[in-house]
Amino acid sequence: MNTNTGKSKPVKLHRPDQIKAYLDKYVIGQDEAKKTLAVAVYNHYKRLIHKDEAGSKVKIDKSNVVLLGSTGCGKTYMVKKIAEYLDVPCYIQDCTKITASGYVGSDVEDCLVGLLRACNYDMESAERGIVILDEGDKIARKEAGVSITRDVSGECVQQSLLKLAEGDIVGVPPFGGRKHPEQPLLYIDTTNILFILSGAFVGLEDIVAKRIGADTRRIGFRDADAPGSNISCLDDVRPEDLREFGMIPEFIGRFPVITHVDPLDREALKRILTEPKDSILSQYRELMRMDGIEFDIDGEVFDLVADEAERLGTGARGLRAVMEKLMRDVMFDAPRDAALHGASALTLHRDAAQKSLGKVLRKAE
Ligand SMILES: Nc1ncnc2c1ncn2[C@@H]1O[C@H](COP(=O)(O)OP(=O)(O)OP(=O)(O)O)[C@@H](O)[C@H]1O
Ligand SMILES: [Mg+2]
């Protein structure tokens, strides 16, 4: 197995403010997470340069990140965008697919194979890539602290991730799958790979609230109308809370940076429809443009869509789903009208939107 060593470009250092400015073009809100990630990533890659500097006596530790928060609010998206900006490979490993070695499923090393694949087996690039450990909350042990009845599989997966996260030279089968005695292995050094553990961590807020003695119903994000509802308990997550949740201390120790995304409220959802580069609106516009149609959507329609998406409770993911339903008839009729009558401009108004949405909702009932 040949690897493309020697071809990769040196890492270009980007300042935290530059990383954040790039994220701002795509991701609405989430300032806390953006800042924390930008600093962590900057320091991570500075560490790489520092290592090569002659005469440096201080060893800088790696700072893997825990990224918490509700589904569809930008966790994976932000990390992917950072990797894109820095031009480093990124691989998303679903932690629920990892099993403790010896069982059916994938080994922890599979994430390194994924990373290698993501950069066409360029070993140098892979060795400074980013691995997102998605659904990271699913590898918590179920009964934290109860040693007799606890479910050990999650704990075993955490154990097996320790060395990778800290930095080790790991032999991986080039094409993934089980290690085989006859198969030559590729050796990959994980010292400079940044690991980001992400997950919804449902229930963590209650743990934090219990520790700080607060009432989640009052300050948690579930009650959107309460004063100060934008203060989430996730602002104050400490390592001991993660431990209580079921992460083992050795694991937490290797992920010193903890940050979170906020749930997206109606206003944020509305902005996501139109503001980001590659926004949903601009995507539909582009599709219509290919049929020679200048397409627009009335501002009021976005209120409808945001309401409906908020009701779905899947964060920004709901927007896409609602828009697809809303646009079905328009996307069906418009190309024909353009071909037959040379229609060249089209605006989706609130009435029409409400009608198609109503139709869909009635069907769903
Ligand atoms: N804050 C945001 N600004 C702009 N777009 C967003 C934002 N949050 C989410 N999105 C959009 O929603 C999609 C899904 O978000 P993402 O994959 O980051 O969810 P997640 O937080 O990782 O959720 P999960 O816990 O389910 O994995 C993204 O691809 C992006 O298009
Ligand atoms: Mg995700």
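1. Asp87 is partly exposed in this predicted model, because 13 other C-beta atoms lie within 10 Å of its own, where 12 or fewer would make a residue exposed and 20 or more would make a residue buried. Its place is the loop between H3 and strand S2 (90-94), and its phi is positive, at about 60°, although Asp87 is not a glycine. Most residues other than glycine have a negative phi, which is the reason for pointing this residue out to a reader who is new to the structure.

2. Asn120 can be read in the same manner, since Asn120 too is not a glycine and has a positive phi, here of about 55°. The residue is found in the loop between H4 and helix H5 (123-126). Is Asn120 buried or exposed? With 12 C-beta neighbours inside 10 Å, Asn120 counts as exposed, because the limit for that class is 12 or fewer.

3. Turning to the overall make-up, the protein has 15 helices and nine strands, and buried residues make up 36% of its 365 residues. When the contacts with a separation of 6 or more are considered, 73% of them are accounted for by residues 24 or more positions apart.

4. Strand S3 (residues 130-134) deserves a careful look, for five of its five residues are buried. Ile130, Ile132 and Asp134 point one way from this strand, while Val131 and Leu133 point the other way. S3 is joined to S2 by five bridges, and the two strands run parallel; within that pairing, Tyr91 has Val131 in S3 as its bridge partner. S3 also pairs with S6 in the parallel sense, over four bridges, and there Ile132 has Ile196 as its partner.

5. Strand S1 (residues 65-68) likewise has buried residues facing both ways, with Val65 and Leu67 pointing to one side and Val66 and Leu68 to the other. Which strands pair with S1? One of them is strand S6 (residues 194-199), which runs parallel to S1 and is joined to it by four bridges, with Ser198 of S6 as the bridge partner of Leu67. Another is strand S7 (residues 257-260), which pairs with S1 in the parallel sense, again over four bridges, and in which His260 stands opposite Leu68. S6 is therefore a strand that pairs with both S1 and S3, as DSSP finds at least two bridges in each case.

6. The largest nonpolar core has 86 residues, among which Ile130, Val131, Ile196, Val305 and Leu319 touch the most other members. Helix H4 (residues 110-118) gives the most to this core, with six residues. At least three residues of the core are drawn from each of domain 1 (16-260) and domain 2 (266-364). Leaving out residues up to four places away in sequence, Val305 touches Leu273, Leu319, Val322, Met323 and Leu326.

7. Met323, which is one of those partners of Val305, has its place in helix H14. Why does Met323 count as buried? There are 22 other C-beta atoms within 10 Å of Met323, and a residue is buried if that number is 20 or more. Apart from its neighbours within four places in sequence, Met323 is in contact with Ile280 and Val305. Ile280 is 43 residues apart from Met323 along the chain, yet their C-alpha atoms are separated by 8.3 Å.

8. Helix H11 (residues 266-274) has Ala268, Leu269, Lys270, Ile272 and Leu273 as buried residues. Its buried residues pack against three helices, namely helix H12 (280-289), helix H13 (299-312) and helix H14 (317-341). Leu273, buried in H11, is also among the residues that Val305 touches.

9. The last point concerns ligand 1, which is surrounded by 18 residues, the closest being Gly74, Lys75, Thr76, Tyr77 and Ala316. By character, this shell divides into eight nonpolar, seven polar and three charged residues, and its largest share, three residues, comes from helix H3 (residues 75-86). Where does ligand 1 lie with respect to domain 1 (16-260) and domain 2 (266-364)? Both domains give residues to the shell, so ligand 1 lies between them.

Key: Residues are numbered from 1 along each chain as its sequence is written. Chains are lettered from A and ligands numbered from 1 in the order in which they are written. This is a predicted model: local features need pLDDT of at least 70, side-chain atom pairs count only at pLDDT 80 or more; totals for chains, interfaces and linings use all residues. A nonpolar core is a set of buried Ala, Val, Leu, Ile, Met, Phe, Trp, Tyr and Cys residues joined through C-beta atoms within 7 Å. Domain bounds come from an automatic or database domain assignment. Two residues are in contact if their C-beta atoms, placed from the backbone, lie within 7 Å. A residue is near a molecule or strand if its C-beta atom, placed from the backbone, lies within 6 Å of it. Ala, Val, Leu, Ile, Met, Phe, Trp, Tyr, Cys and Pro count as nonpolar, Asp, Glu, Lys and Arg as charged, and the others, Gly among them, as polar.
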